[in-house]
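Biologist: Hey, got a minute? I'd like a quick tour of this one before I start clicking around.
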Amino acid sequence: MRKKIFVTREIPGDAINFLSKHFDVKVNAEDRVLLREELIENIKDMDAVLCLLQDIIDEEIIDNANKAKIFANYAVGYNNIDVKYAKEKGIIVTNTPGVLTDTTAELAWALLLSVARRVVESDKYVREGKFTEWKPNLYLGQDITGKTLGIIGAGSIGKAFAKRSRGYDMKIIYHNRKRDLAFEEEFKAHWVDKETLCKDSDIISIHVPLTEETRYLITKKELDIMKETTIIINTARGPVIEEKALYEALKNKKIWGAGLDVYEKEPEIYPGLKELDNVVLAPHIGSATVETRERMAMMAAMNIEAVLNGREPITPVKLK
Ligand code: DGY
């Protein structure tokens, strides 16, 4: 009998066709995240589940996945899955590392350039028909060249972000749990503690996974010691920053600006944040290019195919 797979949402590319050659595939036909009870209903008797970052795969869901061998997450981040419990139940969890590294780093740069040069505000100004003459003081932004770049989390995306700073002759400082000597050598980067990074950086870009350790890594305390000219970029996970404190720092011009792709209570945005001009807001599109989203889909599908055919997964999530 063909094994059964449930895909919690339509995904781009050939992944579903690929899976359908081997298995019976059911895809959630609705263009929305499934309610918890719908998810429970659909994963019963499935041999594999291809899930999204909004699907909360906790103990209850795992207990209901009575036949599942694998949860293949369509994301590199896997904070939505109780990996420890899945492991206890003998279920493999996989993610999509590598294929979205450059794409996410590119979005972080897009946000940085937009904030520093006030691109979104300027666009609005032009569209509103307000551009009537060149003015010496119109939308003055900030140079990026020669500035100090502070990277929180120099993993693969943090490094890809750092690599793209080369044309801007920046000084790189970084904060990781552990020092990365190869990174330091390649980028002439300096490891610093979090406080020093917050104090000394002109630009801070966040690239850590969401864990109990990184939740609220940036709160009022850290924002208070940043420069008035600091720009902060978050393409990682929203709860790494205390959004209320960020809103207040931006509103009171304690820092220059922010570029956000992720939010503390996604998709909710902290009240008032949307009204501020010094923040650029994106709808969690870090990995959203045609090529990358297709690669992510295929990677998730290939993990399922491998596991259901008795082979090792390609990109298993390992418990730290
Ligand atoms: C991820 O992969 O974790 C991103 O947030 C979505 O692509």
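Biologist: Let's start with Asp 82: buried, partly exposed or exposed?
Modeller: Asp 82 is partly exposed, because its relative accessibility is 27%. Keep in mind that this is a predicted model.
Biologist: Okay. Where is Asp 82 found?
Modeller: Asp 82 is in the loop between β4 (70–73) and α4 (83–88).
Biologist: And how far is Asp 82 from Ile 56 in space?
Modeller: Their C-alpha atoms are 8.5 Å apart, with the two positions 26 residues apart in sequence terms.
Biologist: New topic, the ligand. Which residues are around the ligand?
Modeller: Going along the chain, you have Leu 53, then Ala 75, Val 76 and Gly 77, then Leu 100, Arg 237, His 284, Ser 287 and Met 296.
Biologist: How does that shell divide by class?
Modeller: Five of the residues are nonpolar, three are polar and one is charged.
Biologist: What is an oxygen atom of the ligand 2.7 Å from?
Modeller: There are two answers. A polar backbone atom of Val 76 is 2.7 Å from a ligand oxygen, and an N or O atom in the side chain of Arg 237 is also 2.7 Å from a ligand oxygen. In addition, a polar backbone atom of Gly 77 sits 2.9 Å from an oxygen of the ligand.
Biologist: How much of the ligand's accessible area does the protein cover?
Modeller: The ligand on its own has 230 Å² of accessible area, and the protein covers 91% of that.
Biologist: Now for empty space. How many cavities of 30 Å³ or more does the structure hold?
Modeller: One. Its volume is about 30 Å³.
Biologist: Which residues line the largest cavity?
Modeller: The lining is made of Asn 234, Gly 238, Ile 241, Glu 243, Leu 246, Leu 260, Val 262, Tyr 263 and Glu 264. By class, five of the lining residues are nonpolar, two are polar and two are charged.
Biologist: What about backbone oddities? Which peptide bond is cis, with omega near 5 degrees?
Modeller: The one from Glu 266 to Pro 267. Pro 267 belongs to the loop between β11 (257–260) and β12 (279–281).
Biologist: Why point out a bond like that?
Modeller: Because most peptide bonds are trans. The usual pattern for phi is similar in spirit: most residues other than glycine have a negative phi.
Biologist: Then which residue other than glycine has a positive phi near 45 degrees?
Modeller: That's Asp 169. You'll find Asp 169 in the loop between α7 (156–163) and β7 (171–175).
Biologist: Is Asp 169 buried or exposed?
Modeller: Exposed, because its relative accessible area is 57% and the cut-off for exposed is over 50%. Lys 253 has a positive phi too, about 55 degrees, although it is not a glycine. Lys 253 is in the loop between α11 (243–251) and β11, and it counts as exposed at 56% relative accessibility.
Biologist: Let's go inside. Why does Asn 28 count as buried?
Modeller: Its relative accessibility is 6%, and buried means under 20%. Asn 28 is in the loop between β2 (24–27) and α2 (36–43).
Biologist: What does the side chain of Asn 28 have 2.8 Å from one of its polar atoms?
Modeller: The backbone oxygen of Thr 8.
Biologist: Ile 40 next. Which helix is Ile 40 in?
Modeller: Helix α2. Ile 40 counts as buried, because its relative accessibility is 13%. The C-alpha of Ile 40 is 6.1 Å from that of Ile 61, and the two are 21 residues apart along the chain.
Biologist: And which strand does Val 280 lie in?
Modeller: Strand β12. Val 280 is buried at 12% relative accessibility. Its C-alpha atom is separated by 8.8 Å from that of Arg 118, which is 162 residues away along the chain.
Biologist: Last one: where is Leu 140 found?
Modeller: In the loop between α6 (119–127) and β6 (148–152). Leu 140 is partly exposed, with a relative accessible area of 43%. Leu 140 and Ala 116 are 24 residues apart in sequence, and their C-alpha atoms are 9.0 Å apart.
Biologist: Great, thanks. I'll go and look around.

How values were computed
Residues numbered from 1 in each chain as written. Predicted model: local features only at pLDDT ≥ 70, side-chain atom pairs only at ≥ 80, totals over all residues. Heavy atoms only, no water. 1 Å grid on protein atoms, 1.4 Å probe; cavity = no way out; pocket = protein on both sides within 12 Å on 5 of 7 lines; lining within 4 Å. Points joined across faces, edges and corners; volume = space filled by probe spheres on them. Nonpolar A, V, L, I, M, F, W, Y, C, P; charged D, E, K, R; others polar. Near = heavy atom within 4 Å. Polar contact = N/O pair within 3.5 Å; in protein donor to acceptor, adjacent residues only side chain to side chain. Areas by Shrake-Rupley, 256 points an atom, 1.4 Å probe, with all protein chains shown as cover. Helix = DSSP H or I, 4+ residues; strand = E, 2+ residues; numbered from the N terminus. Buried < 20%, exposed > 50% of the residue type's maximum accessible area, 1.4 Å probe, protein only.
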